[in-house]
Number of protein chains: 2
Amino acid sequence: MKNGYSGLRARKEKPTDCRVCPIRNLALFEAVRDDLLDWTQKYRSQQYALDARRVLYREGEIIDESFTLFQGWIMLFKMLPDGKRQVLRFALPGDFLGFRDGGEPANHSAMAITDSILCGFPEDRLSQLFRERPEIFAKLVSIQQHDMSQCYDHVMSVGQKSAIESIACMLIDLHDRCLERDTAGNPKALDFPLSQEEIADYAGITLVHASRVIKELRDKGVIDNGHRKIRVLDVEQLRSIANISLLEETESITGF
Amino acid sequence: MKNGYSGLRARKEKPTDCRVCPIRNLALFEAVRDDLLDWTQKYRSQQYALDARRVLYREGEIIDESFTLFQGWIMLFKMLPDGKRQVLRFALPGDFLGFRDGGEPANHSAMAITDSILCGFPEDRLSQLFRERPEIFAKLVSIQQHDMSQCYDHVMSVGQKSAIESIACMLIDLHDRCLERDTAGNPKALDFPLSQEEIADYAGITLVHASRVIKELRDKGVIDNGHRKIRVLDVEQLRSIANISLLEETESITGF
DNA sequence: CGTATACTTGATTGTGATCAACGACGGTGG
DNA sequence: CCACCGTCGTTGATCACAATCAAGTATACG
C-alpha cells in the first residue's frame, strides 16, 4: 500500500556489454544476430539503478523511455482513490517494461521490489530501431501477445479462483519464470523476494488472509517462507492445488 | 456457462466494400489512405456470419485467421476445469479479434452473443500486409497496447472493487464504447444485449448476486433492464458508484 | 539496542456463494 | 392465436470464504 519515491539514477559502473548479456535470449533483442549487437547497443541510452521501494514511473505520467529489466524485481500496479492497490505483474530480469504507444500517459505505476538495474531505450531511438529492423518490431508484438495472455490468466485467477488456488497459481508462474532464468550457479534465485502484502495485492485478497493461506501451504509442506522470502518446495502438489486448465500447463512447459 | 457450437459460415450476401465501411475508423485499417483501400481489401479473405451462441474459436485451437467484427457482439472468455467461466472482453463492431502470434494456439475462446458478421484476414496474407505496410503494423501494436490497458483495468476491477463498483465500471465502459460507435440514426445501439450470467462472469461474481446488484442499480434509477437488455439511464451517477480513478475518466473522454 | 517493517493469530462481521423454488419472457409448433 | 417449453430473471434462506478489527511477535536495519 506504500507509495514509494521516484528514484531512477544513472548507474555509475561501466555499462554491461549487450554481446555478453546473460538475459538477452529472453528480451527484446533476442531477434538480433550476434554480429549486429554492437550496432543495436547504440539504441540503448544508458543503464539505470533503481533502489528497492523506489518508483520507476507513475500512473498518468508521460514517460519517454522504455526499459529492459537487467537485474532485480519490479512490480507493476494500479491504485484506486480509496487506497486499494492491485499488482498487475511482477517483472523479472529480461522483461520489457514501460512501453506505451505514441506519447500516451502510463496506465499503471512501476516500483522496484528489490534493488534493480535497468537498460533504458528512449522512445525516439526505439521507434527508429523498429523502423530499421522489422524483426525487432515483430518481437515487440510477440512480447505484447505474451503479456496479454498472462493478463487474461490473471483475470481468470482473480475472478474465478479461491484464494489458495490463486496464490498457488501465482507461485507456479513465478517458479517457472525463475527456472527459465536460473543459471546453474544461482540456486538462490528461486527464493521470491516478495512481502505478503505484495502477494495479497496481486491475488486480490487482503494481507491478513494471504498470511493464513501461506501458512496453510507451509503446513502442507508445499512451500517454505520467511521475511520477504518464499520458496517453492513441491511444484507438483502446487499444481494440483492451483486448479489449472491442461492448456496452461503445457504452455508453461514450452515457454514462449 | 454454456459451451455453444462452432459455426462460422461464409456469408452469402455480397461482401461489404471497405471503402464505405462505417466502422473502419475504429479498426485495423484506420491507418490506410482512402485511395489505397481497394488494394488492402484483397487481404480480406471473405466475410463470415456467426449466429448467436456459436463459437468462433476455442481455447487451445490453432486458428489461421484473425477477424474484424463488423456487426454484432462477441465475447472472449476462458473456462476452468470445474466449469467456471471468466469473460475477458466484450467485442463490439470494429474490434479486432483472434490475432495470435506465429501459430500459437488460442489462449481463450470466443462466442457470439448476438448474430454477427466478421471480416476474416488469413494469417499469411496478414503478415504479408504487415511487411508491406509498416503503418498498419504500427496500428496493430497500438491496438494491442489499448487492449492491454483495458485488461489491466479489468484485473483492477475484479481484484479490488466490490460487486456493484465492478458492474458500474463495466456498464460505463460499454456505454462509452457504444457512444463511440453510435451513428445518429441508431438510437437502439445503447441497449446492451447481455444476459445477467454474462455480466456476472465478466465481473467475477455469481449470476444470483449479479441479479441483486442489477436490481439495486435499477431501484436507484441508474439503469433500466429487461430480458437480455440493459440500458444506462444516468452515466454520472454510475461514475460516482464505480470508484474510478481520475485518470481512467479522462481516458474514456479522449478515446484512443 | 531501538525502531521500522513484516508476519502471526484470534474474534467478529459481512459480502457474496450456494441451494432452492418460482415467475416472466420469447420463440416454436400445433 | 394459443399452448408449451426453454432460457432468463427474481427472491428467500442459509452458509462460507474472506474482510475487518485488534493485539502481539519476529525480523531486518540503522
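**Notebook: two protein chains and two DNA strands**

I began at DNA strand C, where I found a polar side-chain atom of Gln196(A) lying 2.8 Å from a phosphate oxygen of the strand. I note at the outset that I am reading a predicted model, and I treat each distance below accordingly.

**Entry 1, DNA strand C.** I listed the surroundings of DNA strand C and obtained 21 residues, of which Arg53(A), Gln196(A), Arg218(A), Arg228(A) and Thr206(B) come nearest. Of the atoms of DNA strand C that come within 4 Å of the protein, sugar and phosphate account for 72%. Arg228(A) uses its backbone here, with a polar backbone atom 2.9 Å from a phosphate oxygen of DNA strand C, whereas Arg212(A) has an N or O atom of its side chain 3.0 Å from a base nitrogen of that strand. I then looked up which elements supply this surface, and found that helix 6 of chain A and helix 6 of chain B each give at least two residues, with helix 6 of chain A giving the most, five residues. By residue class, the surface near DNA strand C divides into four nonpolar, ten polar and seven charged residues.

**Entry 2, DNA strand D.** I repeated the search for DNA strand D, which is surrounded by 20 residues, the closest being Ala163(A), Thr206(A), Arg53(B), Gln196(B) and Arg218(B). Of the atoms of DNA strand D within 4 Å of the protein, 72% belong to sugar or phosphate, and the rest belong to bases. Two side chains, one from each chain, caught my attention: an N or O atom of Thr206(A) is 2.7 Å from a phosphate oxygen of DNA strand D, and for Arg53(B) I also read 2.7 Å to a phosphate oxygen of that strand. His209(A) has a side-chain N or O atom 3.3 Å from a sugar or linking oxygen of DNA strand D. The elements that give two or more residues to this surface are helix 6 (207–219) of chain A and helix 6 (207–219) of chain B, and the largest share, five residues, comes from helix 6 of chain B. I count four nonpolar, nine polar and seven charged residues on the surface near DNA strand D.

**Entry 3, how the two chains are related.** I laid chain B on chain A and obtained an RMSD of 0.0 Å, with a turn of 180 degrees and a shift of 0.0 Å along the axis. The two copies are thus related as by a two-fold rotation axis. In keeping with this, the same surface serves both copies, since 100% of the contact residues of chain B recur in chain A. Among the residues of chain B, Val155(B) comes closest to the rotation axis, its C-alpha being at 2.6 Å.

**Entry 4, the contact between the chains.** I find that chain B and chain A each give 44 residues to the contact, and that about 4100 Å² is buried between them, with carbon and sulfur atoms giving 63% of that area. In chain B, the residues that lose the most area to chain A are Tyr152(B), Met156(B) and Gln160(B), together 17% of what that side buries. Across the interface I looked for charged pairs and found two salt bridges, including one in which the side chains of Asp153(B) and Lys78(A) meet at 2.7 Å, N to O. The wider search gave 16 residue pairs in polar contact across the interface. On the side of chain B that touches chain A, strand 6 (74–79), strand 7 (85–91) and helix 3 (134–160) give two or more residues, and helix 3 of chain B provides the largest share, 19 residues. That side divides into 18 nonpolar, 14 polar and twelve charged residues.

Key: Residues are numbered from 1 along each chain as its sequence is written. Chains are lettered from A and ligands numbered from 1 in the order in which they are written. This is a predicted model: local features need pLDDT of at least 70, side-chain atom pairs count only at pLDDT 80 or more; totals for chains, interfaces and linings use all residues. Side-chain values use heavy atoms; hydrogens and water are left out. Copies are superposed by least squares on the C-alpha atoms of residues with pLDDT of at least 70 in both. Contact means heavy atoms within 4.5 Å. Buried area is the accessible area (1.4 Å probe) that two parts lose on being put together, summed over both. A salt bridge is a side-chain nitrogen of Lys or Arg within 4 Å of a carboxyl oxygen of Asp or Glu. A polar contact is a pair of N or O atoms within 3.5 Å; within protein, one must be able to donate a hydrogen and the other to accept it, and residues adjacent in sequence count only if both atoms are side-chain atoms. Helices (H or I, at least four residues) and strands (E, at least two) are DSSP runs, numbered from the N terminus. Ala, Val, Leu, Ile, Met, Phe, Trp, Tyr, Cys and Pro count as nonpolar, Asp, Glu, Lys and Arg as charged, and the others, Gly among them, as polar. A residue is near a molecule or strand if one of its heavy atoms lies within 4 Å of it.
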